[in-house]
Amino acid sequence: MTRPALFEPITLRGLTLPNRAWVPPMCQYSVDAQDGVPGQWQLIHLGSLAIGGFGLIVAEATAVNPEGRISPFDTGLWNGRQVDAWRTITDAVHALGGKIAIQLGHAGRKASTNRWWPGHATRVIPESEGGWQAVGPTAEPGDGKEFLGETVHALSDAEIHGVVDDFAAAASRAVDAGFDAVEIHSAHGYLLHQFYSPISNTRTDDWGGSFDNRLRLPVAVAGAVRGAIPDGMPLLARLSVTDWRDDGWQVDDSVELTRRFKGVGVDLLDASSGGNSSARIPIGPGYQAGPAAQVREGADIPVSTVGMIWEPALAEHLVSTHRTDAVMVGRGALRDTNWPLRAAHELGLPNDEAPWQPQRARGMWR
């Protein structure tokens, strides 16, 4: 039989990954993550995904400075204590046969909020209750009821340069922490997305207004991160390829930004969408694969895509038809940490080629 495309290896710079079924970064909001330090939750969560056979695991959005956290329960990479904690986790993932990347981000005006899940008040946490000042391209808060009463500090030129430096420093710490790759979070309405989208960036200086000026910060961050990591380490960038609004960021804009990312050393574009404003999104299985394919073709760069890719047959179709180079299985991985083993079974991959660990031989599908 023909080997399923989902289980073909892929090489990015000096890193070869055994398959195209990857785990996207998913915020955990764990109480273990005190002061940005990952804990036992991250160790067990990410380790279980390595045992399950995913080709690449991207750890949750990790803040480059304390103010860049989405919530008080987020991980960070701004000090040595966090490096040591992450090293324990990357060592465990590697011992289990996995490869792991870190997503570095800054929440911008979506910072200092409570946990984003049912049963918790999705609201801004004031400084009097342990929150902190949110920042953004302007003083405008995000839209939606969760940001009612939020105050935002518009970043100055010097502060923007400081953000770039913080991303580079965090990337250097990611290397020390043992990660195999770094991903820049420039999606979902967080700081870098806030700068490139015309919905949120109405600045009139060199960091906003025109198309080129709005792209200046994400491109500067990508270049700085590339310079802070080894030549052989892959650099990924997650991008909201569309705002799903006529007055917002468009797929053609993403093609141009991705070309510029590629020019400063980004190796793969992790295509998602939305998150910066209220919009009508046509959600369904694989709904972001079309825009991802447009960016892949227009910018001539490998891409991954995400979005309700729960069934192995759909994942195989997307990879085998070259709409994407890898699939990010998020909620499917949370429901079934052995998703790649199930996919191998359903797609007919021989047992001796399936991504199983020797200790689990008794649990083979066939």
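Helix 6 and helix 7 are oblique to each other, and this predicted model can be toured from that pair outwards.

**Stop 1: helix 6 and helix 7**

Select residues 251-263 for helix 6 and residues 289-299 for helix 7. Their axes come within 9 Å and cross at roughly 50°. Angles from 35 to 65 degrees fall in the oblique class, and helix 6 and helix 7 are therefore described as oblique. The crossing of helix 6 over helix 7 is right-handed.

Now show the side chains where the two helices touch. On helix 6, select Val-251, Ser-254, Val-255, Thr-258, Arg-259 and Lys-262. Their partners on helix 7 are Pro-291, Gln-294, Val-295, Gly-298 and Ala-299. Coloured by class, the residues of this contact are five nonpolar, four polar and two charged.

Continue past the end of helix 7 into the loop that leads to strand 12 (303-306), and stop at Asp-300. Asp-300 is not a glycine, yet its phi is positive, at about 55°.

**Stop 2: helix 5 against helix 6**

Keep helix 6 on screen and add helix 5, residues 211-228. The axes of helix 5 and helix 6 come within 10 Å, with a crossing angle of roughly 40°. That angle makes helix 5 oblique to helix 6. Helix 5 passes helix 6 in a right-handed crossing.

To see the contact, select Phe-211, Asp-212, Leu-215, Pro-218, Val-219 and Ala-222 on helix 5. They meet Asp-253, Glu-256, Leu-257, Arg-260 and Phe-261 on helix 6. What classes of residue make up the contact of helix 5 with helix 6? Seven are nonpolar, four are charged and none is polar.

**Stop 3: helix 3 against helix 5**

Hide helix 6, keep helix 5, and select helix 3, residues 157-176. Here the axes come within 8 Å and cross at roughly 30°. Helix 3 passes helix 5 in a right-handed crossing.

On the helix 3 side of the contact, pick Ile-160, His-161, Val-164, Phe-167, Ala-168, Ala-171, Ser-172 and Val-175. On the helix 5 side, pick Arg-216, Leu-217, Ala-220, Val-221, Ala-224, Val-225 and Ala-228. The residues of this contact divide into 12 nonpolar, two polar and one charged.

**Stop 4: the largest pocket**

Show the surface and centre the view on His-188, Tyr-190, Arg-238, Ser-272 and Ser-273. Of the 45 residues that line the largest pocket, these lie nearest its centre. The volume of the largest pocket is about 1,300 Å³. Its lining comprises 22 nonpolar, 17 polar and six charged residues.

Stay on His-188 for a moment. His-188 sits in the loop between strand 9 (181-186) and helix 4 (191-196). Its phi is near 60°, a positive value in a residue other than glycine.

**Stop 5: the enclosed cavities**

How many cavities of 30 Å³ or more does a search of the whole structure find? It finds two.

Go to the largest cavity, which holds about 80 Å³ of space. It is lined by 13 residues, and those closest to its centre are Ala-61, Gly-68, Ile-70, Gly-105 and His-106. Select strand 4, residues 56-63, which gives the largest share of this lining, three residues. By class, the lining of the largest cavity has five nonpolar, six polar and two charged residues.

Leave strand 4 selected and add helix 1 (40-51): each of the two supplies at least two residues of the lining of the second largest cavity. The volume of the second largest cavity is about 40 Å³. To outline it, select Val-23, Pro-24, Met-26, Gln-28, His-45, Leu-46, Leu-49, Val-58, Ala-59 and Glu-60. This lining divides into seven nonpolar residues, two polar and one charged.

Key: Residues are numbered from 1 along each chain as its sequence is written. This is a predicted model: local features need pLDDT of at least 70, side-chain atom pairs count only at pLDDT 80 or more; totals for chains, interfaces and linings use all residues. Side-chain values use heavy atoms; hydrogens and water are left out. Axes are lines fitted to C-alpha atoms, for helices over the stretch in contact, and angles run from 0 to 180 degrees between N-to-C directions. Helices (H or I, at least four residues) and strands (E, at least two) are DSSP runs, numbered from the N terminus. Angles under 35 degrees count as roughly parallel, over 145 as roughly antiparallel, 65 to 115 as roughly perpendicular and the rest as oblique. A crossing is left-handed if the near helix is turned anticlockwise from the far one by less than a right angle, and right-handed if clockwise. Contact means heavy atoms within 4.5 Å. Ala, Val, Leu, Ile, Met, Phe, Trp, Tyr, Cys and Pro count as nonpolar, Asp, Glu, Lys and Arg as charged, and the others, Gly among them, as polar. On a 1 Å grid over the protein atoms alone, a cavity is a set of points where a 1.4 Å probe fits but cannot get out, and a pocket is an open set with protein on both sides within 12 Å along at least five of seven lines; lining residues have an atom within 4 Å of a point. Grid points are joined across faces, edges and corners, and a volume is the space filled by probe spheres set on the points.
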